[in-house]
Amino acid sequence: MMILSEAYTLSNGVRIPKLGLGTWFIDDDKAADAVTEAVAIGYRYIDTAQAYGNERGVGEGIRASGVQRAELFVSTKVAAEIKNHGDAATAIDGSLAALGLDHIDLMLIHSPQPWADFRGGDYAEGNRETWRALEQAYAAGKLRSIGVSNFEQRDLDNILSACTVAPQVNQLLVHAGNTPAELIAHCESKDVLVQAYSPIAHGAILKNPEVRAMADRYGVSVPQLCIRYTLQLGTVSLPKTGNPDHMRSNAQVDFVITDDDMDVLRNMRAQDYGEHSVFPVYSGR
């Protein structure tokens, strides 16, 4: 599981592991066990969010892991509904308190719009205000790096036009079947590292016969192929699971997808998320 020791370097010099553990849908009372299991396996990056409702449990797991805090990378997100400076500053301190940490390695704006209006209205000014609170917490040493999530080009450029500290990360829905190539290229051109959440398409891609056939040719599972795909795109991959067996399997990606197969996966269009389409990040609204 060599990938667990590999890292990218953000534009501010902070090193960030290439593979992390996503914790969406892990209940707060189960998050501590999931985190300690992941850290014991070798994971050093844990991703959470205020909206997940499990920051307390994630923090408990970090403290119980037995690994020094400096060896772990923890990210969380300001709730999508917060679009003003005062509430954002309060929320940042709230995450620090909930996690029980003296600093957070990466904090993101969870979405450019509130979830109830995802991809809807104009919140440009509110995002700039929230970003200003992140910049101040970054300057104060509360946050080691700052970024955004679900930001399209116009949303990212809005921050870049007014910031004193540029976003170091944009966390996006990226998987075989949904590869926003132009947005990824734009982020790269601005020295913004892309993180891929739901690299296994929230499980929907497990039913895709084309992807399954390709995985069989490599002698790997569909999740392993999908995670490897996002890594070869140059993104951080954040598969989410509370199952230790899946955590181990997800990290067994020391193989290389050929250029031709990367092109096939990159050009694939498979965005049927089934029952999970009710979530704005999958429905686009």
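Here is a short tour of this predicted model, from a strand in the sheet out to a helix, a loop and the cores.

**Stop one: strand 8.** Select residues 169-173. Five of the five residues here are buried, so strand 8 is largely enclosed by the rest of the structure. Now look at the side chains: Val169, Gln171 and Leu173 point one way, while Asn170 and Leu172 point the other, and all are buried.

**Stop two: the neighbours of strand 8.** Add strand 7, residues 146-149; strands 7 and 8 run parallel and pair over three bridges. To find your place, pick Gly147, which sits opposite Val169 of strand 8. Between the two strands the chain passes through helix 5 (residues 153-160), and this β-α-β crossover is right-handed.

Next bring in strand 9, residues 193-197, which pairs with strand 8 in the parallel sense over five bridges. Here the marker is Gln171, with Gln195 of strand 9 opposite. Show helix 6 (residues 181-189) as well: strand 8, helix 6 and strand 9 make up a right-handed β-α-β unit.

**Stop three: helix 10.** Jump to residues 259-267 and colour Asp261, Met262 and Leu265, the buried residues of this helix. Turn the view until you look down the axis: the buried residues fall within an arc of 105 degrees, so they line one face of helix 10. What do these buried residues pack against? Show helix 7 (209-218) and helix 8 (222-232), and you have the partners. Then flip to the face turned away from the buried side, where you'll meet the exposed residues Asp259, Asp260 and Asn267.

**Stop four: Thr241.** Go to the loop between strand 10 (236-238) and helix 9 (244-250) and click on Thr241. Is Thr241 buried or exposed? It's buried, with a relative accessible area of 10%. Put a distance label from a polar atom of the Thr241 side chain to the backbone nitrogen of Asn243, and it should read 3.0 Å. Beyond its neighbours within four places in sequence, Thr241 is in contact with Leu21, Gly22, Ile26, His246, Met247 and Asn250.

**Last stop: the cores.** Nonpolar side chains tend to be buried together in soluble globular proteins. In this model the largest nonpolar core has 76 residues, and Tyr43 and Leu134 have the most contacts inside it. Centre on Tyr43: leaving aside neighbours within four places in sequence, its contacts include Leu4, Leu19, Leu72, Met247 and Ala251. Finish with a second, separate core of twelve residues, among them Tyr8, Phe73, Leu106 and Leu238.

Notes
Residues numbered from 1 in each chain as written. Predicted model: local features only at pLDDT ≥ 70, side-chain atom pairs only at ≥ 80, totals over all residues. Heavy atoms only, no water. Buried < 20%, exposed > 50% of the residue type's maximum accessible area, 1.4 Å probe, protein only. Helix = DSSP H or I, 4+ residues; strand = E, 2+ residues; numbered from the N terminus. Arc of directions from axis to C-beta. Contact = heavy atoms within 4.5 Å. Polar contact = N/O pair within 3.5 Å; in protein donor to acceptor, adjacent residues only side chain to side chain. Core = buried A, V, L, I, M, F, W, Y, C linked by side-chain atoms within 4.5 Å. Pairing = 2+ DSSP bridges. Right-handed = clockwise from strand over helix to strand, strands pointing away.
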